[in-house]
Each structure stands twice: as C-alpha cells, then as structure tokens.
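Thanks for coming. Let me put the structure on the screen, and then I will walk you through it.

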Amino acid sequence: MTVRRPTGARSRRTLITTAAAIAAVVTLAACSSSSSGPAAATTPSSSSVANPSTTAQTVIGVDLTYNDTAFWAAYINYETQYAQQLHIKLDGPLLAAANASLQNTQIEDLVNEGAKAIIVNPETATSLGPAIAYATAHHVQLISVDTIVGVGKVYMVVRASNTLYGQDACAYISSQVRSGYVLDLEGDLTSSNGADRTNAFNDCMKANDPAVHILSDPTVWTETTAVTDAQNAVNAYGSQLKAIYSQWSSPDTGILPLLKSKGLTGKVLLVSDDGVPFEMCDIGNGSLSASQSQPANLYAEWALKYALDAANGVTLSAGQPGGGAPALMDVSYANDTNLADPIVAPFVTKTQQTLTVATAVDGLPASFATTPVSDASLWGNVYGAAHGGVCSSS
C-alpha cells in the first residue's frame, strides 16, 4: 500500500483547527487571496470562470483525509472563499480520518446526494478504486488533491510538482555548498511525493554539485527518525556537514535546537518543505534557510475550477495551459495515467533571489526567482497572521 505524506504534517508546533480560527482565516484570506511568486495563475485554463455573472450554484462534493493541520485548515478556508466567488455550493468537506474504506463510502454518499463533481484528498494513491468505479458509473468525476491516483481515472490531479521541490532544494544548497556532506532526510520512497523529491534532488546534486557527498536517510515521514538521523550526521561529520534537506517540516522542530546546541546555526543550511507558519517564522529569524511552500490557496482554487469543468463536461488535455503550472501534463502511477496540473509552488527564502542550476532535471526550468518570506499572501503568513503572528502561533 502506498503511504501518503501528511501534508503540513503534525508536529509539536502544528495548529489544531477551531471554529474561531476558521472564521479568522477566511476574513484575512479574503484580503490576501492573490497568488504569490512563481505560483501565480493569471490565465485560467478552465472555462469555469468564463461567465462569473451566473447566479446558478453547482453542487461540488468534498472529501478530505484530514482537517487538523494548519495546511488543511487553511485549505478549507480558501475553498470556502473561492466557492463563494465561483457560485459553488459545497457538499462537505467530509472527513475520512485516514480510513480508506470510510472515504470510499463517503464518496458514494456524495454521488447519491447529487454532487456534480467531487474533490478528494485520497488516503493513498491506490485506495480509491471502489469510489472511482461508483462515481464513474453515475457520470460523476473526481478531482484528486495532493495525491497522484494509480487505481482508476480521475478528471484532474491538483498537486504541486514534487520534482520541482527536489530541484529547488538542490539549487539553493548547490549555490552555497561545494564540498563536504549533505544530509537528505527522505520521505517515504514508496509514495510518489517522497520518491519525486528524492529522485530530483539526487539527480540535480549529482549533475551540479558532484563533489558533495549525499547522505540519504529514509525516514518514512517519521519525525523522530529524521531528528535522530540528523543528530547522528552532526556527530559523525561535524563541520563537514554543510546542509540538511528535510523533505517535510515536522523535523525542523527537533533539528533547529540540535544545530543551536552544537553552535551550528547558520553554518549548516536547513531546507524543508510545507510552508507552515513556524517555517515562515524561522526563515524570518534566519534559523531556517528556505522552505517550499505547498500552496493551500492554489490547491483550493484550482480544484474547484476543475470540478466545475468536470461538472460542465469540459474536455482538457495535456499541453493546454495549466492553472498553477505552465502546462497540463499526464502523470503515471501504479496502473494508471491521469491528467495533472503540477503546480509551481513558491520556494521561500528570507529575501528574494534568483537561483540557477547549470543542468536541470526532469525537464524543469534551470532558473527561478524565490519568494521573500515577507510576502503576506503566502498561506503560512495568512494563517499565522490570523493566529497572532507566525512566531506566536508556532
């Protein structure tokens, strides 16, 4: 079974959703809903916004695996905001709580309740077979958020380009590190997210920074394993350890105190992924070097727009302009190939800079501009501002 990465994974500093928090974020997000940095989508690829004057509401079902992390709380709020703008009536979100069987049943219920399309964050890439078959038989299509689907056909996969995550981390680290050791705290290599990040990072470092030794430590998205691996690397290599790439944010809360205790803050680069509020705080104070911000706003916006396209019978194909990516593309996993919008997620640094690799991998662009942590439209900043600031909310 494919193990999914817990987006915006829980950690000691992860925030739990409350009704008051949701209301606060909706209010703030409405004032700061524009896309930031390279992830901006200015030309909609779907026809669903071609006639925004219509007052008819389309029923779109929503089924998520979690709602108790900062990322998914922010996603739900953006979804509420964009649904109002797009004249969508949401049925849900229903919460499967990591129960694949329950999620399949919930999606069948949404079909029976009249949803014209359904947005789902699958428990795993291969867990939705029964739901896809049932929905297809009733002429309802699914849009998968954050997870590739490898067990049936969905209308669209809305997911950030995880190969870009790996190359962006490589671009940052290789711009400053030319020798010594770099620790790669890999996610679950049986998941598409973990495998994509790892493969792109390794390929890029080999091509652009061959004098650096990569220490590859699989963690299966387990925070304690990652922190222990980081401690072992620090103890074994000392000042020869030049950087750590943590493929998700939770280990930061253990790695940063470790580096501080060894006098290595600022001497060992630390790059992570997610874009949660505490990462914005740590980048701002200089203890964290950079983070890829998985864009909750773009996930919500484009999942809804593609859901409208599906409901309206719009046919999309690879090569057409994407919402969050330059172009739509086919992605394959396990037994199936599905159309995807591989969103270009902002890579956040303290100040804006341009990063370039001499040899790009996987057809990715060789040069890109980072997004400064001061950008108020980053979802982590929006969420943090609604909770007393990114540092006090951490």
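**A buried aspartate, a pocket and some backbone details**

D188 counts as buried, because its relative accessibility is 5% and the cut-off for buried is under 20%. Keep in mind that this is a predicted model. Where does D188 sit? D188 is in the loop between β6, residues 181–186, and α6. Its side chain has a partner: a polar contact of 2.8 Å links it to the side chain of T190.

Now the whole chain. There are 394 residues, and 58% of them count as buried. The secondary structure consists of 11 helices and 16 strands. How much of the contact set is long-range? Take the contacts with a separation of 6 or more: 73% of them are between residues 24 or more positions apart. The exposed surface is about 14200 Å². Carbon and sulfur atoms supply 53% of that surface.

Next, the pocket. The largest one has a volume of about 460 Å³. Its lining has 26 residues. Which of them lie nearest the centre? They are S161, T163, M329, P342 and L364.

Which elements each supply at least two lining residues? Two helices are on that list: α5, spanning 162–174, and α6, spanning 192–208. The strands on it are β5 at 156–160, β11 at 329–333 and β12 at 336–343. The largest share comes from β11, with five residues. By class, the lining breaks down into 15 nonpolar, six polar and five charged residues.

Stay with β11 and β12 for a moment. The loop between them holds A334. A334 is not a glycine, yet its phi is positive, near 55°. Is A334 buried or exposed? It counts as exposed, because its relative accessibility is 58% and the cut-off for exposed is over 50%.

H139 also has a positive phi, about 60°, and H139 is not a glycine either. H139 belongs to the loop between α4, residues 129–137, and β4, residues 141–145. With a relative accessible area of 73%, H139 is exposed.

One last backbone item. Which residues does a cis peptide bond join? They are G92 and P93, and omega there is about 15°. P93 is in a strand, β2, which covers residues 88–95.

To recap the side-chain story: D188 is buried at 5%, and its side chain contacts that of T190 at 2.8 Å. On the pocket side, β11 gives the largest share of the lining. That's it from me.

Methods:
Residues are numbered from 1 along each chain as its sequence is written. This is a predicted model: local features need pLDDT of at least 70, side-chain atom pairs count only at pLDDT 80 or more; totals for chains, interfaces and linings use all residues. Side-chain values use heavy atoms; hydrogens and water are left out. Helices (H or I, at least four residues) and strands (E, at least two) are DSSP runs, numbered from the N terminus. Buried means under 20% relative accessible area, exposed over 50%, partly exposed in between (1.4 Å probe, protein chains only). Contact means heavy atoms within 4.5 Å. Accessible areas come from the Shrake-Rupley method with a 1.4 Å probe; for residues, only the protein chains shown count as cover. On a 1 Å grid over the protein atoms alone, a cavity is a set of points where a 1.4 Å probe fits but cannot get out, and a pocket is an open set with protein on both sides within 12 Å along at least five of seven lines; lining residues have an atom within 4 Å of a point. Grid points are joined across faces, edges and corners, and a volume is the space filled by probe spheres set on the points. Ala, Val, Leu, Ile, Met, Phe, Trp, Tyr, Cys and Pro count as nonpolar, Asp, Glu, Lys and Arg as charged, and the others, Gly among them, as polar. A polar contact is a pair of N or O atoms within 3.5 Å; within protein, one must be able to donate a hydrogen and the other to accept it, and residues adjacent in sequence count only if both atoms are side-chain atoms.
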